[in-house]
Amino acid sequence: MAESYDVAIAGGGIGALTAAVHASRMGRSTIVVGGRAPGGLLLSIERIDGVPGFPEGIAGYELCPMLQEQAADDGADIRMADLEGLEPAGEAWRLQTSDGEVQARAVILATGARLRSLGVEGEERLQGRGVSHCASCDAPLMRDRTVGVVGGGDSALQEALTLADAVGEVIVLHRGDELTAQAAYREPVLTHPKITVRYGTVVEEILGEDAVSGVRTHDVASGDTRDLELGGLFIYVGLEPNSDYLRDLVELDDDGRIPTDANMQTELAGVFAAGIVRRGSLGQAAISAGEGAAAAKAAHRHLGGEAAGRASTPAAAAARGNGG
Ligand SMILES: Cc1cc2nc3c(=O)[nH]c(=O)nc-3n(C[C@H](O)[C@H](O)[C@H](O)COP(=O)(O)OP(=O)(O)OC[C@H]3O[C@@H](n4cnc5c(N)ncnc54)[C@H](O)[C@@H]3O)c2cc1C
């Protein structure tokens, strides 16, 4: 028989752990199915900006364990397992996880996203051999080298600044003709003596046999192809939501994010979504935390018997999953 909780939360990032704190503090028995990489995207960030209470920023390796400890201290049962599937079980939900089944009367999905890959030749082969998604982890291995950063948004420029502290030189390769990052990152990057930005530049191939030796680029304006020597390549070209486990149960948006109403309620009764896996979430840590707290509150109300808006019942969802 599956263990039974009031609230089951999927995810191990700031959204899920904030939801766990709030659900537990409202007296709900709470399990966190926290994934295999606790901490989420923030864990590897050297300096997280924009979190209230930390005007100088805070490192992911400091903040993430604090969040987890707080949720556990408030009473949440935290498991390092992946959510693999979800199905109705009467008026509750049964969650299939990589560590067995659990049952809960309310579910909060806060499984976040993963960094998108470029999808070019050489990327998979050279992953971990100079191709990286983690500046703070791999920068110390690339001292004095010239490295590339692909992207022009907040993540790319923030990580370019982290890299510039450790490596010889950083070249930002951006396909557009303007950086899309916020001014707080644009200005320091554009004035940094160790960082240059190449606009209108598309990475077509990552070069190297056993380790990255460079990239082949396409110049958007001239159409020219050029090779550029690099000792490493850090890729920040957007995010892909972790929502595969929902399969046919919920209609996702075109990007794979989970639609909800303003109360974090999905189309399924008792199932809520929070953080960057949710459609319309704005991509900042503080926002994921706020949505986690709001989802916990909504789950609590749902368990108290208040109306659940436009959601369908677990039974109706089961019929839909069977083509009904
Ligand atoms: C390079 C970079 C720098 C950033 N810098 C900042 C910054 O300075 N300030 C800021 O506010 N924001 C920053 N962000 C954005 C920030 O990382 C996100 O807003 C935040 O991490 C979102 O939190 P989340 O909990 O919604 O999702 P995530 O952080 O993605 O957490 C999702 C969690 O769910 C887990 N998971 C995935 N699939 C499953 C599953 N099937 N079952 C169970 N668990 C699962 C994952 O392992 C992970 O632990 C940055 C992002 C990047 C990429």
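## A tour of strands and cysteines

Start by selecting residues 83–89 and 92–97: these are strand 4 and strand 5, which pair in the antiparallel sense over six bridges. Strands here are DSSP runs of E, at least two residues long, numbered from the N terminus, and two strands pair if DSSP finds at least two bridges between them. What you have open is a predicted model, in which local features need pLDDT of at least 70 and side-chain atom pairs count only at pLDDT 80 or more, while totals for chains, interfaces and linings use all residues. Residues are numbered from 1 along each chain as its sequence is written, and side-chain values use heavy atoms, with hydrogens and water left out.

Stay with this hairpin and select A89 and A92, which are bridge partners. Two residues lie between the strands, and G90 in this hairpin takes a positive phi near 65 degrees.

Next, extend the selection to residues 100–109, which make up strand 6. Strand 5 and strand 6 run antiparallel and are joined by five bridges. A second hairpin links them through two residues. Select T97 and, opposite T97, you will find G100 in strand 6.

Now move to another set of strands. Five strands form an open sheet with parallel pairing, in the order 8-15-9-10-11. Strand 8 (131–132) and strand 11 (195–198) are at the edges; each has a single partner strand, so one side of each is left without a neighbour in the sheet. To look at one of these edges, select residues 169–173, which are strand 10, together with strand 11: the two run parallel and four bridges join them. Within this pair, I171 has T196 of strand 11 as its bridge partner.

The last stop is the cysteines. How many disulfides does the structure hold? There is one. Select C134 and C137, which form a disulfide with their sulfur atoms 1.8 Å apart; the cut-off for a disulfide is a pair of cysteine sulfur atoms within 2.5 Å. The torsion about their S-S bond is about 70 degrees, so the disulfide is right-handed.

Is C134 buried or exposed? C134 counts as buried because its relative accessibility is 10%. Buried means under 20% relative accessible area, exposed over 50%, and partly exposed in between (1.4 Å probe, protein chains only). C137, at 43% relative accessibility, counts as partly exposed.

Finally, select C64, which is in no disulfide; its nearest cysteine sulfur, that of C134, is 12 Å away. C64 has 4% relative accessibility and therefore counts as buried.
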